[in-house]
Amino acid sequence: MVLAVLVLTIALSGIFSLAWWAMESLAGGHPPVPRLVYSGPLFALLAVFFFAFLAVMRGLAAPLGNVMEAADRVASGDFSGRVPEWGPPSVRSLARAFNTMTTRLEEQDRQRRQMMADVAHELRTPLAVMQGRLEGILDGVYPRTDEQLESVIDETRVLARLVEDLRTIALSESGGLTLQKEPTDVGALLADAANGFAPQAASQHVTLSPDLPADLPIVDLDPVRIREVVSNLLSNALRHTPAGGAITVAAALAANSVRVTVADTGSGMDAATLARIFDRFYKGEGSKGSGLGLAIAKSLVQAHGGKIEAFSEPGKGARIEFSLPVN
């Protein structure tokens, strides 16, 4: 680049000198003054532009060099590097975009590592119970009865459910989740899901009441997946509603959507917990679940093109609402 500018400078100087000399000769003036005399101002002007160009290039080289060095670190797996946002406006914009990218990559890497640790923790507990129980049976500590085998089978069910939950989240986040949509009576689906939890609610002395209008429309959705959403919400509500409390499953037609609400009179949540309840593996105080139920509910609702929200205050219960678009 520098060589090209130098050659251009010399060429322009020569052309200017020849043109000046030819004009004086045609005009019959005095003998032409040596061209270098006339070329002097042009050389000086071009030299100013040349050194200004070099200064600009030096100003670009340093910040661009910082970006290139940081990019090499990112390529090697180090997402902690940031570059100073200085230099010309375009270079500052580049540095700002690079810093935004590395910040997101660092957060995604942190979430990936945390998820691996959470998965290992969730798998370890039922596996440890199964191993201890089977070793106890083999060593004669526990009798070889159907009850002991049933306890081991229960742990395998926990593992199977956890693996299926992880698979659902992975497919949803990767865009590989396939929905088997069909025209569905939303009211009947919600009533059926509520009836499935009625025995558990009765055993906990919790009132479970459906509030479902008869004029709910037929919606094109995956009934298995939406029932899974409602089941997760009801299971979570029952887990946090004490005896004597109440849970309501309601639905209403909103603008171009059906809005489903699961509300309880449980202990409620503070702002910090409310902000994270849809995060994978997040467990509120006293929660005994895997921390995946609400994350799965969010993924499945979003896969249907809907939105899910939570509302709560400490001591005032919780309300979770999700929408299903009506085509």
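**Notebook: a helix, two strand pairs and a buried glutamate**

I looked first at R133, whose charged end sits over the ring of Y142, 4.6 Å from the ring centre. I count a charge as over a ring if NZ of Lys or CZ of Arg is within 6 Å of the ring centre and within 35 degrees of the ring normal.

The model is predicted, with local features needing pLDDT of at least 70 and side-chain atom pairs counting only at pLDDT 80 or more, while totals for chains, interfaces and linings use all residues. Residues are numbered from 1 along each chain as its sequence is written, and side-chain values use heavy atoms, with hydrogens and water left out.

**Helix α3**

I checked the span of α3, residues 89-138. Helices are DSSP runs of H or I with at least four residues, strands are runs of E with at least two, and both are numbered from the N terminus. The expected span is 1.5 Å times one less than the number of residues. The 50 residues of α3 should therefore span 74 Å, and the end C-alpha atoms are 73 Å apart, which agrees.

I found a kink of about 25° at R124, shortly before the proline P126. The bend is the angle between axes fitted to the seven residues ending at a residue and the seven starting there. After α3 comes G140, with a positive phi near 85°.

**Strands β1 and β3**

I noted that β1 (residues 182-185) and β3 run antiparallel and are joined by four bridges; strands pair if DSSP finds at least two bridges between them. P183 stands opposite D220 in β3. In β3 (residues 218-221), V219 and L221 point to one face and are buried, while I218 and D220 point to the other and are not. Buried means under 20% relative accessible area, exposed over 50%, and partly exposed in between, with a 1.4 Å probe and protein chains only.

**Strands β6 and β7**

I then took β6 (residues 308-312), where I308, A310 and S312 are buried on one face, and E309 and F311 point to the other and are not buried. Five bridges join β6 to β7 in antiparallel fashion. Their hairpin has five residues between the strands, and G315 takes a positive phi near 80° there.

E309 stands opposite E321, which lies in β7 (residues 318-325). E321 counts as buried because its relative accessibility is 12%. I listed two polar contacts of the E321 side chain: one with the side chain of R259 at 2.7 Å, and one with that of R319 at 2.7 Å. A polar contact is a pair of N or O atoms within 3.5 Å; within protein, one must be able to donate a hydrogen and the other to accept it, and residues adjacent in sequence count only if both atoms are side-chain atoms.
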